There are 2 protein chains.
Amino acid sequence: MSPETLLPPMAAHVLEHGISGVSLRPLAKAAGTSDRMLIYHFGNRQGAIDALLEYLAKLYETGLDSSLPEQRAKNRRETVRQILDVTSTPQLQPFMRLWWEVVAASATGNETFRRSAAAIMGTLLDWLEAHMPEDDPDPRGGARLLLTLIEGSQLLDAVGRADIAEAGLAALEG
Amino acid sequence: MSPETLLPPMAAHVLEHGISGVSLRPLAKAAGTSDRMLIYHFGNRQGAIDALLEYLAKLYETGLDSSLPEQRAKNRRETVRQILDVTSTPQLQPFMRLWWEVVAASATGNETFRRSAAAIMGTLLDWLEAHMPEDDPDPRGGARLLLTLIEGSQLLDAVGRADIAEAGLAALEG
DNA sequence: CTACAAGTGTAGCACTCGCTACAAACGACT
DNA sequence: AGTCGTTTGTAGCGAGTGCTACACTTGTAG
């Protein structure tokens, strides 16, 4: 069984059980193989995690790309909504839970996780810049403002204070 | 040795090594005692973590309160700056690393962590509402907008994209 | 057919984990 | 002096950890 065949079921496992503290034996079982084989294919535990992270990031970005609407919104608030509506979807919740693990690991200085996180932020920023309202006076700065707001909203949602982000968004001009 | 005496060195340990995956023996060693005694005082590992979390939240809130400036800023951007300047201080970095662990645990549904996180957001929101610019047209909504921005900025900082938050903040009106 | 590399199963090592059983020391009170 | 509840040390259990040694099969190339 090749690593490529292994990755999808492994990804499903970490999406359900978390990635930062995942251990080899349950991970291998989820992929129908043994810890012995994971080490063989990925070198060591960290290698497996790195491969998983790369695979999941790709999976997330393509999934996001296909879910986000094509047309631009007519104001900034709606542009934010376009992203939040997609990322709050139930089937993306496992990815969001993973996201917080990635952020936490990034904050401790883990370079693999940080690269992954920075790349995802880059992707989102690109999408935002390309989907700012037609008449926006400052698409470049505006996109960065909105990305900051989006991440803050997702955080407040994660800790059960979505109400704050909701009211904050309502107070955004335009 | 009472639990109250134990908590400060234990808190120092988790501030350095993380709290979500902390194990009893190193934690006990940091406090000059044994795993045996931690179980005795806190019942079990979760009890120790809960007590630590409560202690650390209090510590953080009082530290923040004393570090934040008294007087109001003259515009929203400066209000945000007041908080970001404090939380980006080197000596608060361990608390920020802990914060991401708390958020990640909250996202997985851990109620202890979520309560703690929600309380901290409440404290911050209260401070913001009380420190909005004098002439702000919508202090209530504005404070919520700024809290969302602040959390987003901290996240982007954690993943090494502080540049995005910086530019986003610059694009904020007022 | 043979030789060799890639892949895989079994067993196990040395370690850490949370937690407990048991017993001893200790101080306060009668 | 004796009794009793609180606190502490020692030892260890059963489970899980990452990883390795060794033997074996399998597919492929000469």
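1. Let's start with the salt bridges: over all chains, the structure, which is a predicted model, holds 16 of them. A salt bridge here is a side-chain nitrogen of Lys or Arg within 4 Å of a carboxyl oxygen of Asp or Glu. Side chains of opposite charge can pair when their charged atoms come close.

2. A good one to look up is the pair A:R76 and A:D136, whose closest N and O atoms are 2.6 Å apart. A:R76 lies in helix α5 (residues 76-87) of chain A and A:D136 in the loop between α7 (111-130) and α8 (139-158) of chain A, so the salt bridge ties together parts that are 60 residues apart in sequence. Helices are DSSP runs of H or I with at least four residues, numbered from the N terminus. A:R76 is buried, at 8% relative accessible area, and A:D136 is buried too, at 11%. (Buried means under 20% relative accessible area, exposed over 50%, and partly exposed in between, with a 1.4 Å probe and protein chains only.)

3. Next, find A:R144 and A:E129, a salt bridge with its closest N and O atoms 3.4 Å apart. A:R144 sits in helix α8 of chain A and A:E129 in helix α7 of chain A, 15 residues apart. A:R144 counts as buried at 10% relative accessibility, whereas A:E129 is partly exposed at 30%.

4. Chain B has a pair worth a look as well: B:E166 and B:R81, with 3.0 Å between the closest N and O atoms. B:E166 belongs to helix α9 (residues 162-170) of chain B and B:R81 to helix α5 (residues 76-87) of chain B, so this pair joins parts that are 85 residues apart in sequence. Both are partly exposed: B:E166 has a relative accessible area of 43% and B:R81 one of 28%.

5. How are the two copies related? Chain A can be laid on chain B with an RMSD of 0.0 Å by a turn of 180 degrees and a shift of 0.0 Å along the axis. The two copies are thus related as by a two-fold rotation axis. The superposition is by least squares on the C-alpha atoms of residues with pLDDT of at least 70 in both copies. In chain A, the residue that comes closest to the axis is A:G152, at 1.9 Å (C-alpha).

6. A:H131 is found in the loop between α7 and α8 of chain A and is buried, with a relative accessible area of 12%. Leaving aside residues up to four places away in sequence, A:H131 touches A:P69, A:E70, A:Q71, A:R72, A:A73 and A:T79; contact means heavy atoms within 4.5 Å.

7. Finally, the DNA. Around DNA strand C there are 15 residues, the closest being A:M1, A:R36, B:S23, B:R25 and B:D35; a residue is near the strand if one of its heavy atoms lies within 4 Å of it. An N or O atom in the side chain of B:S23 is 2.3 Å from a phosphate oxygen of the strand. Base nitrogens of DNA strand C lie 2.6 Å from a polar side-chain atom of B:R25 and 2.7 Å from one of B:D35. With four residues, α3(A) gives the most to this surface.

8. Some notes for reading the numbers: local features need pLDDT of at least 70 and side-chain atom pairs 80 or more, while totals for chains, interfaces and linings use all residues, and side-chain values use heavy atoms, leaving out hydrogens and water. Residues are numbered from 1 along each chain as its sequence is written, with chains lettered from A and ligands numbered from 1 in the order in which they are written.

Definitions and conventions: Helix = DSSP H or I, 4+ residues; strand = E, 2+ residues; numbered from the N terminus. Polar contact = N/O pair within 3.5 Å; in protein donor to acceptor, adjacent residues only side chain to side chain.
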